[in-house]
Amino acid sequence: MITYLPFADGQWRMSMGLKALNRHEWIEIDERFAEELALKGRLLKNQYSDVFASLPESRLSQKEVLDLLLNYLLDHFPQYYQQQGTIIENICTGEVWNLADFEAAPLDLAGRLVQEDLLLMQASPRGYILKAASLCFPLRWRLAEKIGRPLAQIHAPVPGYQDKLECPVDGFFERLKWEHPVWRLNWSIVDTPELFLLPSIQASLASQINTENAGEKLWIRVERQTLRRLRESGDILFTIRTYVHPLNILEDDPPMAHNLAQAILQIPPDLHSYKNLLPIRDALLGYLNQVAAA
Ligand code: HEM
């Protein structure tokens, strides 16, 4: 598994933090491939409306996403995927799909092929609107509350977004060129390794987390996000790849534990609350300082 540690510089900023994406590094596959695709399959079977949504006007660009993704996967990972006519096979998991079964929701099939979540945005006079999503690994938000909404409204619960990010993000979406995809990282400390997380006040009994056990009971959750404009439709595809590591991986790297503690101290208080850090903050900082001093 790739380990992205976006707090490595000990800084925290409310910024877009976009970098140019090498187009050969769009999708990432690792040793959790089969396990995470199986989890997606269970979620799509048992609670479809929690993890997939689409509005009818997005169908053509959903198809554009599926075509783009299939071309990419067949080209970059021929050891994992195979296509014969309308039949797609995942060689690793043994799953077989028929394109004809997904004509009404091509993004549904696209989401079943990769570990990434896929979200499709379309321009409107109200800004870019979420028109379709295959979202199996949300970090405590509900797709049903975001579908059909513009970016500004989607981010309404995020403290500081309106002041610091709304204008830059909206401007960036307007200017994004299909030839120049980008990526960014977002990170959180969470009290569960579960990938599918709906909103909840508290996932665990935070009072049971202390300086001694924080390394096993807390997790670093990193989202690697990419954005690209679709060439034909002009819509924008947002991908989110979620990586979860136990916090105790930092025991091998005390300076990194120090930098994470520094970054956490710079997060404004209202964001601490939004990111559910308040109940675990003391245990977390106590643990990190202990590891950093080792
Ligand atoms: C350059 C583009 C973007 C930036 C800079 C950005 C920034 C952010 C930030 C800073 C957060 C708070 C996350 C945290 O610290 O835990 C957030 C949350 C979120 N973002 Fe974005 N975002 C971008 C694009 C998008 C897009 C395209 C979507 C599409 C749906 C999206 C959906 C969300 C959602 C659903 C949340 C959680 C909101 C909630 O808690 O209700 N973001 N974003």
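Biologist: Before we look at the hairpin, what makes two strands a pair?

Modeller: They pair if DSSP finds at least two bridges between them. Keep in mind that this is a predicted model. Strand 6 (117-122) and strand 7 (129-134) are joined by 5 bridges and run antiparallel. With at least two needed, they count as a pair. One of those contacts sets Gln 122 against its bridge partner Ile 129 in strand 7.

Biologist: What sits between the strands in the hairpin of strand 6 and strand 7?

Modeller: There are 6 residues between them, and Gly 127 takes a positive phi near 100°.

Biologist: Why is strand 7 called mostly covered?

Modeller: A residue is buried if 20 or more other C-beta atoms lie within 10 Å of its own. In strand 7, 6 of its 6 residues pass that test, so the label fits. Strand 7 also pairs with strand 2 (52-54), antiparallel over 3 bridges, and Ser 54 stands opposite Ala 132 there.

Biologist: What is the strand order in the open sheet of 7 strands?

Modeller: The order is 1-8-9-10-6-7-2, with antiparallel pairing. Strand 1 (19-20) and strand 2 each have a single partner strand, so one side of each has no neighbour in the sheet, and that puts them at the edges. For strand 1 the partner is strand 8 (residues 182-190), joined antiparallel by 2 bridges. The cut-off is at least two, so this pair just qualifies. Ala 20 has Val 182 as its bridge partner in strand 8.

Biologist: Which strands does helix 3 touch as it packs on the sheet?

Modeller: Strand 2, strand 6, strand 7 and strand 10, with its direction at about 140° to that of strand 6. Buried residues in helix 3 include Val 65, Leu 66, Leu 69 and Leu 73, along with Ser 61. Beyond the sheet, their cover includes strand 3 (81-84) and helix 4 (106-113).

Biologist: How do you know that the length of helix 3 is what a helix should give?

Modeller: Take 1.5 Å a residue: the 18 residues of helix 3 (residues 59-76) should span 26 Å, and the end C-alpha atoms are 26 Å apart, which agrees.

Biologist: Which residues touch the most other members of the largest nonpolar core?

Modeller: Of its 35 residues, those are Val 65, Leu 107, Ala 110, Leu 120 and Ala 133. Elements giving two or more residues to this core include helix 3, helix 4, strand 6, strand 7 and helix 5 (151-154). Outside its sequence neighbours within four places, Ala 133 is in contact with Ala 53, Leu 118, Leu 119, Leu 120, Leu 143 and Ile 147. A second, separate core has 20 residues, among them Ile 189, Ala 261, Ile 280 and Ala 283.

Biologist: Which strands form the edges of the 3-4-5 sheet?

Modeller: Strand 3 and strand 5 (96-98), each of which pairs on one side only. The twist averages 20° from one strand to the next. Strand 3 and strand 4 (residues 87-90) pair antiparallel over 4 bridges, and Gln 84 stands opposite Ile 87 in strand 4.

Biologist: How do you know that the chain fits the rule for a compact globule?

Modeller: With 294 residues, the rule puts the radius of gyration near 19 Å; the chain has 20 Å, which agrees. The C-alpha trace spans about 60 × 45 × 35 Å along its principal axes, and 30% of the residues count as buried.

How values were computed
Residues are numbered from 1 along each chain as its sequence is written. This is a predicted model: local features need pLDDT of at least 70, side-chain atom pairs count only at pLDDT 80 or more; totals for chains, interfaces and linings use all residues. The expected span of a helix is 1.5 Å times one less than its number of residues. A residue is buried if 20 or more other C-beta atoms lie within 10 Å of its own, exposed if 12 or fewer, and partly exposed in between; C-beta atoms are placed from the backbone. Two residues are in contact if their C-beta atoms, placed from the backbone, lie within 7 Å. Axes are lines fitted to C-alpha atoms, for helices over the stretch in contact, and angles run from 0 to 180 degrees between N-to-C directions. A nonpolar core is a set of buried Ala, Val, Leu, Ile, Met, Phe, Trp, Tyr and Cys residues joined through C-beta atoms within 7 Å. The radius of gyration is taken over C-alpha atoms; the globule rule is 2.2 Å times the number of residues to the power 0.38.
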